[in-house]
Amino acid sequence: MAIFTPKQFIKQIDSIANNFMTAMKDELMDMGIAAEKHFDKSFDNEGFTDKVLQKWVPLSRRRLNEKTAGNKILTDRGELRGSKTLSYGSTGTLTATISYGGGGGSIASSARNNHGFINGEGYSVPKRQFIGKSFILNLRLLRMLDERIRTVFDTNYTVGRG
């Protein structure tokens with residue numbers, strides 16, 4: 001076991017803190033990308049993935065007739081799926097936010113699909129959730145974070161060995 005002078009000890013702690021913050025910023029990026037991929041699967045699977053896949057309510061006959069053959073639910077023009085943005089907090093803030101702008105760039109229109117609504121013609125449009133809390137995603141993100149933290153602290157930071 002090494003014996004540190006006060007200056008060596010401070011240098012050691014600074015090194016660990018700097019490496020940890022760099023690793024957390026990198027991990028935040030990786031976790032944001034993992035979350036983005038997780039929610040993107042909703043459009044492919046036509047349902048929301050949590051412990052099980054919660055399939056979306058099928059389209060009405062009227063809506064099926066209006067749709068281009070082969071297009072999935074909520075993918076007419078791909079505007080909703082393509083409107084997602086992934087943003088990260090400013091320096092010193094470890095947050096990632098994924099939002100969907102919806103069919104005309106409106107977050108309100110994407111929220112309507114995610115929660116269900118009554119359309120302008122008075123028809124009830126069912127909930128077709130594509131983003132939200134997911135136990136499976138949270139578990140995956142915690143595992144990723146745990147692995148990154150273990151990697152950081154498994155590094156040998158010993159300074160001034162004699």
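Reader: Is isoleucine 13 buried, partly exposed or exposed?

Author: In this predicted model, isoleucine 13 counts as partly exposed, because its relative accessibility is 40%.

Reader: Which helix does isoleucine 13 lie in?

Author: Isoleucine 13 belongs to helix 1, which covers residues 6–45.

Reader: Which residues form a nonpolar patch with Ile13 on the surface?

Author: Phe9 and Ile10 join Ile13 in that nonpolar surface patch. Together the three have about 290 Å² of accessible area.

Reader: How far does helix 1 reach from its first C-alpha to its last?

Author: Helix 1 has 40 residues and spans 58 Å between those two atoms. That is close to the expected span, 58 Å at 1.5 Å a residue.

Reader: And which residue follows helix 1?

Author: Glutamate 46 follows helix 1. Its phi is positive, at about 50°, although glutamate 46 is not a glycine. The residue is found in the loop between helix 1 and strand 1, the strand being residues 47–49.

Reader: Buried or exposed, that glutamate 46?

Author: Glutamate 46 is buried, because its relative accessible area is 19% and the cut-off for buried is under 20%.

Reader: Changing topic to charges: how many salt bridges does a search of the whole structure find?

Author: The search finds three salt bridges. One of them pairs the side chains of glutamate 27 and arginine 148, at 2.8 Å from N to O. Glutamate 27 lies in helix 1 and arginine 148 in helix 5, so this pair ties together parts of the chain that are 121 residues apart in sequence.

Reader: What else meets arginine 148 in a salt bridge?

Author: The side chain of aspartate 30 also forms a salt bridge with arginine 148, at 2.5 Å from N to O. This pair likewise links distant parts of the chain, with aspartate 30 in helix 1 and arginine 148 in helix 5, 118 residues apart. Glu27, Asp30 and Arg148 are thus linked in a network of salt bridges.

Reader: How accessible are the two acidic residues, glutamate 27 and aspartate 30?

Author: Glutamate 27 counts as buried, because its relative accessibility is 3%. Aspartate 30, at 33% relative accessibility, counts as partly exposed.

Reader: Which residue does arginine 150 form a salt bridge with?

Author: Arginine 150 pairs with aspartate 146, and their closest N and O atoms are 2.9 Å apart. The two residues are four places apart in helix 5, so about one helical turn separates them.

Reader: Why would residues four places apart point the same way in an α-helix?

Author: An α-helix has 3.6 residues a turn, so residues three or four places apart point the same way.

Reader: What is the accessibility of arginine 150 and of aspartate 146?

Author: Arginine 150 is exposed, with a relative accessible area of 52%. Aspartate 146 is partly exposed, with a relative accessible area of 37%.

Reader: Staying with helix 5, what does the side chain of threonine 151 reach?

Author: Threonine 151, which is in helix 5, reaches the backbone oxygen of glutamate 147 with its side chain, at 2.9 Å.

Reader: How far apart are threonine 151 and alanine 23 in space?

Author: Their C-alpha atoms are 9.1 Å apart, while the two residues are 128 residues apart in sequence.

Reader: Next, glutamine 129. Where is the place of that residue?

Author: Glutamine 129 sits in the loop between strand 6, residues 124–125, and helix 5, residues 135–154. It counts as buried, because its relative accessibility is 14%.

Reader: What is glutamine 129 in contact with, leaving aside neighbours within four places in sequence?

Author: With those neighbours set aside, glutamine 129 is in contact with Gly47, Phe48, Gln54, Trp56, Asn113 and Asn114. In addition, a polar atom of the glutamine 129 side chain lies 3.2 Å from the backbone oxygen of isoleucine 131.

Reader: To finish, what does the secondary structure of the chain come to?

Author: There are five helices and six strands. Read from the N terminus, the order of elements is α-β-β-α-α-β-β-α-β-β-α.

Reader: What share of the chain counts as buried, and how much area does the chain expose?

Author: Of the chain's 162 residues, 30% count as buried. The chain exposes about 10800 Å², with 56% of that supplied by carbon and sulfur atoms.

Reader: And what share of the contacts with a separation of 6 or more is due to residues 24 or more positions apart?

Author: Residues 24 or more positions apart account for 59% of those contacts.

Methods:
Residues are numbered from 1 along each chain as its sequence is written. This is a predicted model: local features need pLDDT of at least 70, side-chain atom pairs count only at pLDDT 80 or more; totals for chains, interfaces and linings use all residues. Side-chain values use heavy atoms; hydrogens and water are left out. Patches are made of residues with over 30% relative accessible area and no salt bridge: like charges are joined within 9 Å, nonpolar side chains (Val, Leu, Ile, Met, Phe, Trp, Tyr) within 5 Å. Accessible areas come from the Shrake-Rupley method with a 1.4 Å probe; for residues, only the protein chains shown count as cover. A salt bridge is a side-chain nitrogen of Lys or Arg within 4 Å of a carboxyl oxygen of Asp or Glu. Buried means under 20% relative accessible area, exposed over 50%, partly exposed in between (1.4 Å probe, protein chains only). A polar contact is a pair of N or O atoms within 3.5 Å; within protein, one must be able to donate a hydrogen and the other to accept it, and residues adjacent in sequence count only if both atoms are side-chain atoms. Contact means heavy atoms within 4.5 Å. The expected span of a helix is 1.5 Å times one less than its number of residues.
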